[in-house]
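Please open the model in your viewer and keep the selection panel at hand. The tour proceeds by stops.

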Amino acid sequence: MTERDLRLGVLNTLLTTPHRDLTHLHPLHQELCQADPLFYVHLAAWYARRGEVRDHKEMFIITLCLSACEGHREVGLALLRALPPYQVVRVVDFIKGRIIKVPARKGEQSASEPRREGLFRNLPRSLRTEVERYLREREAEPRKLDGAILHARKAIKRLYALLHIRPSARAQAILFDEEPPADSSLHALRLMARCTTPEEQAKAIVAHRIPYRVAATIVKAMTPEVVRALIEVMSPQELINNLGSLKERGALDDPAVQQAVQGKLEAAKKDERVAAFKTRVAVEAAGLSGQLAEQLEEVTEARIKARGQITRPTALLIDKSGSMYEAIDVGRQIGAMISSLCRETLWTYVFDEKATPVQVPEPSLAGWENALSEVYPGGATSCGCGLEMLARAGQRVEQIILVTDENENVAPFFQEAFTAYEEKMRTRPDVIVVKVGQCSDKLEKTCQALGFQASAFDFKGDYYALTNLIPLLTQPSLQDLLIEIMEQPLPARKAVLV
Amino acid sequence: MNEINTLDMAFVVDTTGSMGSFIQAAQRQMIAMIEALAQSNSVELQLGVVEYRDHPPQDRLVSRVYPFTTDLRAAQTTIARLKPDGGGDGPESVFDGLVAACRELTWRPHARRLTILVGDAPPHGVGGGGDAFPKGCPCGETIESVTATAERARITIYALGLTGAVRDSFGRLSRGTGGEYFDVGQGNAAIERLQTLLKTEFGQLTFDRHLLELRSTDRSLGIDALAERLTSSRPAVASALSRLGARGLLSR
C-alpha cells in the first residue's frame, strides 16, 4: 500500500465514521494515529478548523496528548486550549475515566448498572499544566472568568477540583465559597433574582450578559421584554438550540420577539460557529413551521454553502426499495445539502428495480421534500439500474453517491453496471456509499474487486455527521484534499503562563 | 383508512426432526412475541403460520400454510401443536417456507407486514454441511430471489436462529428486506425490536389519520400546506408520507 493509499484510507475512515460515543471512537483514532503519525497530526489541526463533529475534535486531542510521537503532545495541548470549558472537562474525564451511575427513571424499579467510561489512566503532567494555564488565562480577566463560570460553572469547578489546581481569590469566592464579589456577574445574578419587576430583570440580563440557561431558572415571568433581553445576549447557536423551549413558553408569539429572533437568525447565516444541521434538528425537535422554519432552513443552507463548492459532476442515487424505510429521508437531506453546493447539475435518481430521474426545481430542503413527496419505499433492489440510466443518458459524472443498504437482489447488479458505465463514458467515478438501515458491505467489496476503494459512510440516524461528506465532495479530487490537510499549519502551544 | 393500524405477522418455522431439541424454546419465544405485540390495543394484529421441512426424497412436506387469523389464541394453539419430524439432510426448504408466506398467505393490502423466520438449519445451496442439493434448492430460489420477492410484497423478514449454522444465511435473508437477525439467546432483544417497530409505525395514529384525511380530500396539498394545517414541521410530514406511502395508503 502506498503512502497516498494509506492516507486516503485514514481520511476516509475519519470522515465516514459517525459520532456519539467517545469509547468507540478511541480505538479508531489510536489506529489512525499509529498508521500514519505525521498525517494524523495535520489531520487533527485541519479537523479542528474544518470539522463539525465534537466527539472527533475531542478524541484527536486525547489521542495526541497521550501519543508518544514527537510533536503530537504539543499540538494536542495547543488544540485543547481552544476548547470551551465543558469540552476540556470531557477530555480530562475521558483520560481519567469515570463511573457513570444512571438513576432509576420514573416507573423503573431499579437504576441500571453503573457504566465505566474512559481510559482510567493518569493524566499526563503536561496536560494538567495546560489546563492550569487555561484556567489562569481566564482568571487574569475577571470578565472572562465570570462569563466562563456563568456558562460552565460545573465544568470549571470540576477542573479545579479534579486536578487540584488552586483557584484565584475571585474563582474561590465565586465557585467554592458561594460569595461572589460585588463587581461580578454572579453577584448581579443574585441581585437579579431579587428584582421585583420583569423590566428590572431584563435590564440586568443585558447588563451582565446572563445566559438563557441560567436566567430562565430565576426570572419571575417570561414577558416579551425579558425574552428580548435573553435573545440579545444569546449567540445565534444558543438561540437555535433554545427555540423549542422558547416556543413552549409561548415566547415566540410576540411580534417584537419574532423580530429579535429574525435578527439573530440573520446573524446566524454568517456565524462560523453555527453547526449547519443543528438548525434542521431544531425545526424537527420544536415542531416549527411557517416563516420561522423557513428562516432556519435558510440558515442551514447558508452554513452549508459556506463549506465549499462541488465542482465535479456528481450523481446521487437513492435506493427506495422495500427495505429502505429510512433512505428516502436521508436522500432528501443529502440532496438538499449537496445540491446547493453543486456548480454543475446534480443527476439524481431514485431506484428499486428500475431507476427514475428526480427533478428538483430549487436546491433547498423544501424543494427536495416536495420532489420526493410521492416516492415511497417499495420493490426489489437493483444497485446497477441507476448507473445504467446515467450511461444511457450520457451523463458523465466524476463522483457517485449511493444511499442504500447494499442488499441488491435483482439485475442489473452494481458490478456489471459500473464496468459498463466506465467503458462507455471512459471515466471511473469515485463512489461514496451512504449506508442506511440493515446494510451489508457488498458494494465496498465489489469496488475493491474492481480495483478501487469506495468511501463508505455508515449512517446511524446522526444527521449532524452528514456534513462530513462535504469535504469528500468539494475537493477537485481526494488527492487535493490530502494536500490541503498536509499544508494545514500545526498550532503552537502558548508558551507563557498568563 | 380502515387499515391504518393493521399488522400482519407470519411465523415461518422449521419443523424438521433436528428442531426436536429446540422446538419448545422456539414455541415459547414465538408465543412471547405474540403476547408482547398483543399488548398494544391500538393495533389490529392478525397472525399466520407456515411450517417447512424439506424437498423429496428428504421429506414429503415442503411447506404448509396456516392462514391468517385475528384469533390470537388460535394462532398460539397452532404454534404449540407444531411437531418436529423428518427433514433428512442438514439444510432445509427455508426458501419454500418464506416464498409460501409471501405468496400464499392473504396479506391485508395496507397492513404492515412482518415475517418471523425460526429455524436451526440453512437453506439449500448456501454452503451448509451435508447438503443433498448443494447446487441450489430444487425450488430454484436463492437468497437474492427470496429477498426480492419479500421486498416486492412489502414484507420485512426478522429471523431467529437456533444454531450458529444459520447466522449467515438467515442474516442475509433478513437484512435484505430491512429486517434483523437474532441468535436464540437474543429473544428478548427481538421482542424489543418489534415493539420499537410498532411504536414507529403506529405511534402517531391520530396524526397519521389526520394527514390521510387531508390528503384524501385534496391531493394537491403540498408538504408546506400539510405541515401548516397539522401545525407540524415539514420534515415530520415528509417522513409520515414516506411511512404511509410505503403501505400503499396514499395510492391514488
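At what angle do the axes of helix α4 and helix α6 of chain A cross? Select residues 54-66 (α4) and 85-96 (α6) of chain A: the axes come within 10 Å and cross at roughly 50°. That makes α4(A) oblique to α6(A), a class outside under 35 degrees (roughly parallel), over 145 (roughly antiparallel) and 65 to 115 (roughly perpendicular). Next, display the side chains where the two helices are in contact (heavy atoms within 4.5 Å): A:M59, A:I62 and A:L66 are among those in α4(A), and A:Y86, A:V91 and A:F94 are among those in α6(A). The residues of this contact divide into 8 nonpolar, 1 polar and 4 charged.

This is a predicted model, in which local features need pLDDT of at least 70, side-chain atom pairs count only at pLDDT 80 or more, and totals for chains, interfaces and linings use all residues. Residues are numbered from 1 along each chain as its sequence is written, chains are lettered from A and ligands numbered from 1 in the order in which they are written, and side-chain values use heavy atoms, with hydrogens and water left out.

Move to helix α3 (residues 37-50) and helix α24 (residues 478-486) of chain A, which pack at about 90° with axes 8 Å apart. That makes α3(A) roughly perpendicular to α24(A). A:W46 is one of the α3(A) residues in this contact, and A:L482 one of those in α24(A).

Finally, select A:V434 and A:L469, which touch the most other members of the largest nonpolar core, of 134 residues. Such a core joins buried nonpolar residues (under 20% relative accessible area, 1.4 Å probe, protein chains only) through side-chain atoms within 4.5 Å. Helix α8 (residues 142-162) of chain A gives the most to this core, with 9 residues.

How values were computed:
Axes fitted to C-alpha atoms, helices over the stretch in contact; angles between N-to-C directions. Helix = DSSP H or I, 4+ residues; strand = E, 2+ residues; numbered from the N terminus. Nonpolar A, V, L, I, M, F, W, Y, C, P; charged D, E, K, R; others polar. Buried < 20%, exposed > 50% of the residue type's maximum accessible area, 1.4 Å probe, protein only.
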